[in-house]
Amino acid sequence: MITNTELEYKGDLYPTKIVSFEHEVDSICFHTDNSVILKVTVLRDSLIRFRFTTKGYFSNDFSYAIDKSHSHGYNFLEVSEVADYYQIKTSKVQCRIQKADMRLSIFDLNENVILEDELGFHWEESYEYGGNIVKMSKASKDGECFYGLGDKATQLNLKGKRLENFATDQYAFQKDQEPLYKVVPFYIGLQNKQSYGIFFDNTFRTYFDFCHERRNVTSYWAEGGEMNYYFIYGPQMQDVVTTYTDLTGKPELPPLWALGYHQCKWSYYPESNVKEVTAKFRELKIPCDAIYLDIDYMEGFRCFTWNKEYFPDPKRMVSELMEDGFKTVVIIDPGIKIDKEYSVYKEALEKDYFCKRADGPYMKGKVWPGECNFPDYTNPAVREWWAGLFKELISDIGVKGVWNDMNEPAVMEVPNKTFPMDVRHDYDGNPCSHRKAHNIYGTQMARATYHGVKRFAYPKRPFIITRSAYSGAQRYTSSWTGDNVATWEHLWIANIQVQRMSISGMGFTGSDIGGFAEQPSGELYARWIQLGVFHPFCRTHSSGDHGNQEPWAFDEEVIDITRKFVNLRYQLLPYLYTMFWQYIEEGIPMLKPLVYYDQEDIQTHYRNDEFVFGNQILVCPILEPNALGRRMYIPRGQWYNYWTNEEVKGGKEVWVDTKFDQIPLFVKAGSVIPKYPVQQYVGELEFDELTLEIYYKEGKEKSVVYEDAQDGYDYKKGRYSFLSFQTTGKEKELIIQLHKEGKYDTPYSKYKINLIGLPFKINAIEVDNVKISFDHQSFEDDNYLIVDKEFTELHIIGE
Ligand code: GLC
């Protein structure tokens, strides 16, 4: 591994004096004496791109990560020259570039430093690759914290860590192990209550060092390519994350069923085994929406084939499963078996779609089917062909989702676990070696899969899941955290990874519940389910070489706990779907680590375990055996204990008692939490009421509920329902105002309202200024009010 210090002392090169600059619309180019060019592009007032070259010219500007439809445009831009520096000013920040050495610093409008170069840009020539190792170092102040970077299996705050980005099949990875499956070279810095972000859009192997090597220095570097990074100004972390997510793209809404519970194992086969598993879910009344077929459904692990002995009639089986509410998801890997009789192989060979070594032969490597060749998904023609291959699976057989695995890409029995670095890629018309394409390979595979599944699933929505991903992959796919282990430590890791992915733009993520490798105890499985139902993607998966990992592999108590928590997830589906809507519309992370939730409160800066699910539910998993409760931090504000309805004032660490069938859950005071009835799968029941759990708060609070047809694209034409509730609590009064938007008429006609924490006895209730008859006794018996959904103001008046 190359360390920054080593390089610094071994003749790193630095920009010299700036000799000229030119300003064209939104871009300003600075040239130094030694042919370095820095191009600064102002994309938004709070989003500035910095691109350096040492060659005297820029190569073609191409990125897989940047979403072409990202917002751009600024309100103000002024470029000026002062004695020692040039200044670029927007309506949010000012950026100063030193004339003497091109070092730059960024200030807010009140002259507070946000980010400042230490050595700044520097590089090392690489004769062998005809390119440079490009580096950046920034000064870091005491107390600065760092977050982001995707799936890292280490504490949330990255201060003091060095991390490596190189997509790797890391079976049974350990805490702090590097590198992992995903590459998200984006971090958030938090300093002096101000957040900013850096997105280093470089697909070569990259490193980030957060004050690990030197106490007050943060640096990042890549083993090739350009120093090309985006600076994002907050000052709130929410601004940083939403701007980053807008830049790298948001997904479409998944079908609602994809937010249900999924069951997986390596592997369920033959058909009778699949049916046994699905039938047992229905028998035990544990909701489940998806069943997965791992590699054994194929004929000799050949993608797009079926083992006809295990699955004689896949179309019939898939449709029978569907009748019972189960959507079938199948695995598709990138390795295509070298077999002249296999049509997919033959076609790719004929069309010359496989990756080649530098000297010409096809890249050959072992994966599940034995020796394989690998499609070059960085070639648009290959992606188009790949997309077309899904016709039979999706249109004819009725498969509803596709699972892309081994796409780091993983190669077995070789020391580096992947392709040799000389393998050639098209890189969408920018030919390059695997050094540059490695980190993007999985994303391009998932992208091609997404386009194929979408094409054939239309007018329904596709569902894709991937193991490897680079920034921007969220536009096409969900993801999981790879081959974890059934240990308590891994439960801790899963909690952190999913939170971290959430603030790294890739929110639709979950872990293999219960652990992939090894066997969880019943207690560990139960604790994992209790966390997993609060992850956007919720699937049990296991390697299957130990015991079973369906809920009924454990005792009655664990089965009951699983049912209780999966039921809760199904009740919260409208809440979860609303979180997803806010993610796709505004880029707001679905899970909010406490530091994201309240960055002004320094108590949150090093918290790992607690997070806010959506905007209003605080979750804290139990991460140890035999726990009767735990200590946790409750963020500032008023909260209610979900289980007891007791009120708690936040801003402090507390001990929370829990039983085995509970984890600490708190609801923010003032919230309106929507709930559906428990269903065994999405769409099983028709119901006439939406339950609203309303938690009293003195003062005002806003809540929203998004709904639509749960699948299909009508929502893009405005056919959705968006409810905004404002609650105003006073000493003897609670007012609930409702504002509606959208053209979708929800199928229910009433709200079933549960009022929690009212500090007074109800005397009267008015709906749109009309008193309704109200029976004290029956309200006190079941605590619910039934109100027609057409109201705009509900007035609860105390005695
Ligand atoms: C990889 C995947 C795992 C899958 C297995 C077999 O290990 O990460 O989820 O079950 O391959 O396909």
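**Annotated spans, sheets and local backbone features of the predicted model**

The UniProt annotation "domain: DUF5110", taken from an unreviewed entry, covers residues 689-757. In the model, which is predicted, the chain over residues 689-757 is 0% helix and 61% strand, and the end C-alpha atoms of this stretch are 22 Å apart. A second feature of the UniProt record, "domain: Glycoside hydrolase family 31 N-terminal" (unreviewed entry), is placed at residues 38-209. This span is 0% helix and 50% strand, with its end C-alpha atoms lying 23 Å apart.

Strand β47 (residues 750-756) is joined by 5 bridges to β50, and the two run antiparallel; within this pair, Tyr751 has Val787 of β50 as its bridge partner. Both strands belong to an open sheet of 4 strands, in which the order is β42-β43-β47-β50 and the pairing is mixed. At the edges of the sheet stand β42 (672-675) and β50 (784-788), each of which pairs on one side only. On average, and with direction ignored, neighbouring strands of this sheet are turned by 30 degrees against each other.

Another open sheet comprises 6 strands in the order β34-β35-β36-β41-β38-β39, with antiparallel pairing. Its edges are formed by β34 (591-593) and β39 (647-649), and each has a single partner strand, so that one side of each is left without a neighbour in the sheet. From one strand to the next, the twist averages 35 degrees. The edge strand β34 is connected by 3 bridges to β35 (residues 611-613), the two strands running antiparallel, and Pro593 stands opposite Phe611 in β35. Across β34 and β35 lies helix α9 (residues 488-502), which runs at about 105 degrees to β34. At the other edge, the loop between β38 (638-641) and β39 contains Asn645, a residue with a positive phi of about 60 degrees although it is not a glycine. With a relative accessible area of 36%, Asn645 is partly exposed.

Towards the start of the chain, strand β1 (residues 18-24) and strand β2 (residues 27-32) run antiparallel and are joined by 6 bridges. Glu24 stands opposite Ser27 in β2, and the hairpin of β1 and β2 has 2 residues between the strands, with Val25 taking a positive phi near 45 degrees.

In helix α5 (residues 343-351), the buried residues are Val344, Tyr345 and Ala348. When α5 is seen down its axis, these buried residues fall within an arc of 100 degrees, so they line one face of the helix. This arrangement can be read against the general geometry of such elements: an α-helix has 3.6 residues a turn, so residues three or four places apart point the same way. The buried residues of α5 pack against three elements, namely β22 (336-337), β24 (370-373) and α6 (380-388). The helix is followed by Asp352, whose phi is positive, near 60 degrees.

A positive phi is also found at Gln710, where the value is about 75 degrees although the residue is not a glycine. Gln710 is located in the loop between β44 (699-707) and β45 (721-730), and is partly exposed, its relative accessible area being 22%.

Cis peptide bonds were examined next. The bond from Trp266 to Ser267 is cis, with omega near -10 degrees, and Ser267 lies in the loop between β19 (262-263) and α3 (271-284). The bond from Glu408 to Pro409 is likewise cis, with omega near -5 degrees; here Pro409 lies in the loop between β25 (401-404) and β26 (424-425).

With a disulfide taken as a pair of cysteine sulfur atoms within 2.5 Å, the count comes to 0 disulfides. For Cys95, the closest cysteine sulfur is that of Cys29, at 13 Å, which is too far for a bond. Cys95 itself counts as buried, at 1% relative accessibility. For Cys145, the closest cysteine sulfur belongs to Cys211 and is 9.7 Å away, again too far for a bond, and Cys145 is buried, with a relative accessible area of 2%.

Methods: Residues are numbered from 1 along each chain as its sequence is written. This is a predicted model: local features need pLDDT of at least 70, side-chain atom pairs count only at pLDDT 80 or more; totals for chains, interfaces and linings use all residues. Side-chain values use heavy atoms; hydrogens and water are left out. Buried means under 20% relative accessible area, exposed over 50%, partly exposed in between (1.4 Å probe, protein chains only). The arc is that of the directions from the helix axis to the C-beta atoms. Contact means heavy atoms within 4.5 Å. Two strands pair if DSSP finds at least two bridges between them. Axes are lines fitted to C-alpha atoms, for helices over the stretch in contact, and angles run from 0 to 180 degrees between N-to-C directions. UniProt positions are given in the numbering used here, feature names are shortened, and annotations may be inferred rather than shown by experiment.
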